[in-house]
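Please open the structure in the viewer and keep the selection tool at hand. The stops below are best taken in order.

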Amino acid sequence: MSEISTKPYLLRAIYEWCTDSGYTPYLAVKVDAATTVPMEYVRKGEIILNISYGATSGLKMDNDAIHFRARFNGVSRELYIPVQNVLAIYANENGQGMAFEVNVTAAEMAPPAVEEASVPSLSAVPGKHEVPAAEPVAAPKDDDEPPKKGGRPTLTRIK
């Protein structure tokens, strides 16, 4: 049996300390393929997130991941952060908290791909009444979108 990491427990404890003390908890995250965050806010492979009660919705800090909804430029987004990718948790007001070393991210820990030769697969067996394969049908063109107008958008008031 593998040893259970203390990291998720420390993250929850510092989050609770921040909120009990009236501080704003922030999370520094190393972004990789296993994280779901708004990529337009990622700088140098990292993102800083406000995880206070007022900034998040449905915050859940499990032993494996932290997930919640947050608004970015007024748009609600679902975020998923593997605990392994957390670089630090700290109070924004005074910088007190804890930093973690991230040697291996969650994406790097993904299980190796299964070789195709070992995976059973299905194949067609010729029968008495074999039907020839159908020709591929071209997908219909989607011309339902209205043409794009140039310039500044306008609002029309209807009474």
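Select W17 to begin: this residue is partly exposed, with a relative accessible area of 33%. Buried means under 20% relative accessible area, exposed over 50%, and partly exposed in between, with a 1.4 Å probe and protein chains only. The model is a predicted one, in which local features need pLDDT of at least 70, side-chain atom pairs count only at pLDDT 80 or more, and totals for chains, interfaces and linings use all residues. Residues are numbered from 1 along each chain as its sequence is written, and side-chain values use heavy atoms, with hydrogens and water left out.

Add Y23, which is also partly exposed, at 29% relative accessibility. The structure holds three aromatic pairs (ring centres of Phe, Tyr and the six-membered ring of Trp within 6.5 Å; planes under 30 degrees apart are stacked, over 60 edge-to-face, the rest tilted). One of them joins W17 and Y23, a tilted pair with 5.5 Å between centres and 50° between planes.

Next, select residues 7-20, which form helix 1 (helices are DSSP runs of H or I, at least four residues; strands are runs of E, at least two; both are numbered from the N terminus). Which residues of helix 1 are buried? They are K7, P8, L11, I14, Y15 and C18. These residues lie on the same side of helix 1, because they cover an arc of only 130° around the axis, taken from the directions from the helix axis to the C-beta atoms.

Finally, select G22, just after helix 1, where phi is positive at about 80°.

Technical notes
The expected span of a helix is 1.5 Å times one less than its number of residues.
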